[in-house]
Amino acid sequence: MSYLDRIRACTSHDLAGFLPFMADGARIGWVKPETASHLRRMDGAFEVTDRSVALSGRLTGFEERSAAMAEAAVSLAEAGIVRHLRGEDYSARRRWGEPPLFRVERGATTVFGLLSFGIHLNGFVRTNDGLEMWVGRRAKDRLIAPGKLDNLVGGGQPHGLTLTENVVKECAEEAGLPQEMALQAKPVGAITYALEKPNGLKRDVLFLYDLELSEDFRPVNMDGEVSEFNRWPVAKAAETVRDTDEFKFNCAPVVIDFLIRHGILTPDDPDYLEILTELRS
């Protein structure tokens, strides 16, 4: 195993098996043919051909589109194509910084191949022996990656929140961090990936944050997502990411990015340039 293997675990896909999903005449996502077949049977909200799927041109406003997408999410869930309805909406955008075209149920974003956004935060401590990193272990009842290792804080970007508001919310829920501490987190970049799943294409942008913590800080999970936290020497985190698949698939690249930025993963690694490129593929 290698760092590059961990990154490529997030980036395996073949667009030949997808149809473009269009809105306002531009591609906004990707859908599998079985999803297209289901949408063809819906009440005129989608225009489906052998080459593409598009939101109907008669749906011109944000609320109209959002209502159609909400109905589609429920219908696709009833058909077993959407695995789980999460009860949380994401903003659907062509790219970050543009106004959202519509709201969409979080559980349906992969089925439509929509670009999703999230925040992940590395909590670390400077000790006399070097950097140490807080690592969480996900609870066994999680829908995604139960029991896997996780970053200190991570979560999707809900519709209607700014990134900073989401950092504060997730820090409180996942690690018991008060607002004044969460606001000290420093934005340090982003990673991107596209991963083919059985029911669609998971396309994510993760905005990354570093938060330096004192040696006496102890995180406390408040929302039941994490079963335990441990503070590891950064060398142990690096070795675990490189040599195992113990970290949740999209948390490993977050750690790898941290290792690069802090000079721990260096150009001496023969895959260094490929790692840099594929973290933002």
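This briefing covers a sheet, its packing helix, two backbone outliers and the cysteines. The model is predicted. It contains an open sheet of four strands, two residues other than glycine with positive phi, aspartate 24 and alanine 145, and zero disulfides.

**Sheet and helix**

- The strand order in the open sheet is E2-E1-E4-E3, and the pairing is mixed.
- Strands E2 and E3 (46-48) are at the edges; each has a single partner strand, so one side of each lacks a neighbour in the sheet.
- On average, neighbouring strands of this sheet are turned by 25° against each other, with direction ignored.
- E1 and E2 run antiparallel and are joined by five bridges.
- Across this pair, alanine 23 is opposite alanine 26 in E2.
- Helix H2 (residues 33-40) packs on the sheet and touches E1, E2, E3 and strand E4 (53-55).
- The direction of H2 makes about 125° with that of E3.

**Positive phi outside glycine**

- Aspartate 24 is not a glycine, yet its phi is positive, at about 55°.
- Aspartate 24 lies in the loop between strand E1 (19-23) and strand E2 (26-31), and those two strands run antiparallel.
- Aspartate 24 counts as exposed because its relative accessibility is 52%, and the cut-off for exposed is over 50%.
- Alanine 145, also a residue other than glycine, has a positive phi near 50°.
- The loop that holds alanine 145 runs between strand E8 (130-138) and strand E9 (149-150).
- Alanine 145 counts as buried because its relative accessibility is 18%, and the cut-off for buried is under 20%.

**Cysteines**

- A search of the whole structure finds zero disulfides; a disulfide would need two cysteine sulfur atoms within 2.5 Å.
- Cysteine 171 is in no disulfide, and the nearest cysteine sulfur to it, that of cysteine 251, is 14 Å away.
- Cysteine 171 has 0% relative accessibility and therefore counts as buried.
- Cysteine 251 is likewise in no disulfide; its nearest cysteine sulfur belongs to cysteine 10, at 8.9 Å.
- Cysteine 251 also counts as buried, because its relative accessibility is 0%.

How values were computed:
Residues numbered from 1 in each chain as written. Predicted model: local features only at pLDDT ≥ 70, side-chain atom pairs only at ≥ 80, totals over all residues. Heavy atoms only, no water. Buried < 20%, exposed > 50% of the residue type's maximum accessible area, 1.4 Å probe, protein only. Pairing = 2+ DSSP bridges. Axes fitted to C-alpha atoms, helices over the stretch in contact; angles between N-to-C directions. Contact = heavy atoms within 4.5 Å.
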